[in-house]
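Let's take a walk through a protein together, one piece at a time. Have the sequence and the 3D view ready, and look for each residue as it comes up.

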Amino acid sequence: MNKCKFDPKTGAMIIFLIIFSLIVSLKMNNYTVLVVNMALINMITAYGLSIMLGMCGQLVFSGVAFMGIGAYITANLCSGRMNFILPGYAAIIVSVVLTALIAWATGILFLRLKSSFCTFATLGFVQVLYTLFLNYEPAFGGPKGIPEIRTLSAGGFVFDSYKKWYFLLLGAVIIVALLVERIRRTSLGRSLASIRDNELAAQTLGVNIYRTRVIAFVIAGAFAGLSGTLLAQHNRFISGDQFSFAKSTTIVIMSMLGGINSTPGIFVGALIVTFLPEVLRGLDKYLMFIYGIAVIIMMIFMPMGIGGAVSDFLKTMRRKNKLKS
């Protein structure tokens, strides 16, 4: 019976990032913790993209759309708009399950398309939902959004501060990161990798390409739905502006910068991209220009992102040590 082995280097890096985050959080002011929380929420969607793009080799922009679906389901269930209010934990379960079902229904359609056609279909999906979020008031509150969303509580413990949310979100990110690593080492992960590397060879080996892609798409959609439901309860307010194509592009950049196949790299990439607007606050108008230049430079010098660059460096050092010994 094959056992899934967890890469000790990846585990060590994740533990280091957790300890680093915990230490830094003790010295952060309230606003900085809020920014970190936004990074953690975005990471969950970025990990879904790493399954689709990193493992499967299929670029999709639908993460933000599913994030919006999860957020609006939660907003309706936890704001009294439906004449009843679900507890926060129940809303999380309902939102993730319904988002996964919607991802399955759309994935069945989109993944029949080949490569770039599928990418453009998901891009259109984001724009359609963005328009609905902004204009359809009965379900989405229109341009005013949905306020007064109840925050998450468990028993008598209420997540009523950014610090409390920080530890919850960090735990959620760790669980999602471990799930991604687990998937990477299962038969599903190997099937996705074979599809990414050579579809014809994968088909010859008996991999059902279409079904495997749909499964990956559903998992990515469920992660995005989780991200959205946590965002709604964290902010206690949701509007369509939060789920635009620009946000989708930002999540792709997070994944590419950190390393689309690097679980700890995505953690770092999401933190950098989330904090960059804070560091460059006076250059808001040029932010997408800066992102574009950064992506071009990265694709030339670090095509596998920060995680890939670190991995290559460690391999080089190991080779040198072997030659010396």
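Start at Gly228, which is buried, with a relative accessible area of 0%. Keep in mind as you look that this is a predicted model. Gly228 lies in helix 10. Which residues does it touch, once we leave out those up to four places away in sequence? Gly228 touches Met67, Gly70 and Ala71. Now look for Thr250, which is 22 residues from Gly228 along the chain. The C-alpha atoms of Gly228 and Thr250 are separated by 15 Å.

Next, follow helix 10 itself, which covers residues 209–235. At 1.5 Å a residue, its 27 residues should span 39 Å, and the end C-alpha atoms are indeed 39 Å apart. Of the 27 residues of helix 10, 22 are buried, so the helix is largely enclosed by the rest of the structure. Just after helix 10 you reach Arg236, which takes a positive phi of about 65°.

Helix 3 is our next stop, at residues 63–77. Helix 3 has 15 residues and reaches 21 Å from its first C-alpha to its last, close to the 21 Å expected at 1.5 Å a residue. Is helix 3 enclosed or open? Here 15 of the 15 residues are buried, so helix 3 is largely enclosed by the rest of the structure.

Now for the nonpolar core. The largest one has 84 residues. Those with the most contacts inside this core are Leu40, Met43, Tyr47, Ile51 and Phe243. Helix 2, residues 30–55, gives the most to the core, with 14 residues. Take a moment with Phe243: not counting residues up to four places away in sequence, it touches ten you can find in your view, namely Val64, Met67, Gly68, Ala71, Tyr72, Val126, Tyr130, Phe133, Leu231 and Ile238.

What about the empty space? Rolling a probe the size of a water molecule over the atoms shows where empty space is left. The largest pocket has a volume of about 670 Å³. Helix 2, helix 10, helix 11 (245–258), helix 12 (263–279) and helix 13 (287–301) are the elements that give two or more residues to its lining. That lining has 24 residues, and Asn42, Lys247, Thr250, Thr274 and Pro277 lie nearest the centre of the pocket. Helix 2 gives the most to the lining of this pocket, with six residues. By class, the pocket lining has 13 nonpolar, six polar and five charged residues.

There are also two cavities of 30 Å³ or more. The largest cavity has a volume of about 130 Å³. Its lining is made of 16 residues, with Thr45, Leu49, Val60, Ser62 and Gly63 nearest the centre. Helix 2, helix 3, helix 10 and helix 11 each supply at least two residues of this lining. The largest share, four residues, comes from helix 2. How do the lining residues of the largest cavity divide by class? They are 10 nonpolar, six polar and no charged.

Finish at Arg184, which is found in helix 7, residues 162–184. Why does Arg184 count as buried? Its relative accessibility is 19%, and buried means under 20%, so Arg184 falls within the buried class. Leaving out residues up to four places away in sequence, Arg184 touches Met55, Gly189, Arg190, Asn261 and Thr263.

Definitions and conventions. Residues are numbered from 1 along each chain as its sequence is written. This is a predicted model: local features need pLDDT of at least 70, side-chain atom pairs count only at pLDDT 80 or more; totals for chains, interfaces and linings use all residues. Side-chain values use heavy atoms; hydrogens and water are left out. A nonpolar core is a set of buried Ala, Val, Leu, Ile, Met, Phe, Trp, Tyr and Cys residues joined through side-chain atoms within 4.5 Å. Buried means under 20% relative accessible area, exposed over 50%, partly exposed in between (1.4 Å probe, protein chains only). Contact means heavy atoms within 4.5 Å. On a 1 Å grid over the protein atoms alone, a cavity is a set of points where a 1.4 Å probe fits but cannot get out, and a pocket is an open set with protein on both sides within 12 Å along at least five of seven lines; lining residues have an atom within 4 Å of a point. Grid points are joined across faces, edges and corners, and a volume is the space filled by probe spheres set on the points. Ala, Val, Leu, Ile, Met, Phe, Trp, Tyr, Cys and Pro count as nonpolar, Asp, Glu, Lys and Arg as charged, and the others, Gly among them, as polar. The expected span of a helix is 1.5 Å times one less than its number of residues.
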